[in-house]
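Reader: I'm a first-year student and I'd love a close look at just one part of this model. Could you take me through the helix that comes second along the chain and what sits around it?

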Amino acid sequence: MQNTSLKVQNTYSFWKFIVFPFITFGIYPLVKFTTMSNDIMRCDGKTNCPYWVMALFLSAITLGIYPLIWWHNICSRIGALNPSNGFSAGTFWGWNVLGALIAVGPLVFLWKLCNAMNSIAEQQNSKEE
């Protein structure tokens with residue numbers, strides 16, 4: 001069941017994800033990725049573990065395995081919400097995980113993630129008007 005009473009925030013800026021973590025001592029990504037997971041829950045009606053819980057607690061307990069599962073699921077849901085954006089769990093595994101071998105892969109993943117979330121926000125917000 002979709003809850004469309006709140007608009008999706010269209011505030012996912014690649015450059016802010018690059019600069020603000022240094023200024024906020026790492027708090028900015030915790031807040032924005034938690035907001036992103038809440039936006040996804042609002043769009044598809046499925047629940048998931050909040051990003052901050054995963055990052056601060058479950059990641060250490062599972063020795064880094066749970067974040068891989070969490071990101072796989074989130075990226076799959078983003079792709080399902082707007083298949084035309086070409087984003088999927090494969091984007092996560094290809095650019096963020098394997099792309100780390102070429103150093104710029106995680107940056108490409110972050111750029112694609114921001115664009116996919118902004119396109120979902122535009123799509124969802126236009127449905128509400």
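Author: Here is a walk around helix H2, its two neighbours and a pocket. This is a predicted model, so local features need pLDDT of at least 70 and side-chain atom pairs count only at pLDDT 80 or more, while totals for chains, interfaces and linings use all residues. Residues are numbered from 1 along each chain as its sequence is written, and side-chain values use heavy atoms, with hydrogens and water left out.

Let's start with H1 (residues 14-23) and H2 (residues 27-44): their axes come within 7 Å and cross at roughly 140 degrees. Helices here are DSSP runs of H or I, at least four residues, numbered from the N terminus. Axes are lines fitted to C-alpha atoms over the stretch in contact, and angles run from 0 to 180 degrees between N-to-C directions. H1 and H2 are therefore oblique to each other (under 35 degrees is roughly parallel, over 145 roughly antiparallel, 65 to 115 roughly perpendicular, the rest oblique).

Who touches whom? Lys-16, Phe-17, Phe-20 and Pro-21 of H1 meet Tyr-28, Pro-29, Lys-32 and Phe-33 of H2, where contact means heavy atoms within 4.5 Å. That makes six nonpolar, two charged and no polar residues (Ala, Val, Leu, Ile, Met, Phe, Trp, Tyr, Cys and Pro are nonpolar, Asp, Glu, Lys and Arg charged, the others, Gly among them, polar).

Now for H2's other neighbour: H3 (residues 51-61) packs with its axis 7 Å from that of H2, at about 130 degrees. That makes H2 oblique to H3. Pro-29, Leu-30, Phe-33, Thr-34 and Ser-37 of H2 touch Tyr-51, Trp-52, Ala-55 and Leu-56 of H3. Here the split is seven nonpolar, two polar and no charged.

Finally, the pocket. Phe-17, Pro-29 and Phe-33 are among the residues lining the largest pocket (on a 1 Å grid over the protein atoms alone, a pocket is an open set of points where a 1.4 Å probe fits, with protein on both sides within 12 Å along at least five of seven lines; lining residues have an atom within 4 Å of a point). H1, H2 and H6 (105-128) each supply at least two lining residues, with the largest share, four, coming from H6. By class, the lining has nine nonpolar, one polar and no charged residues.
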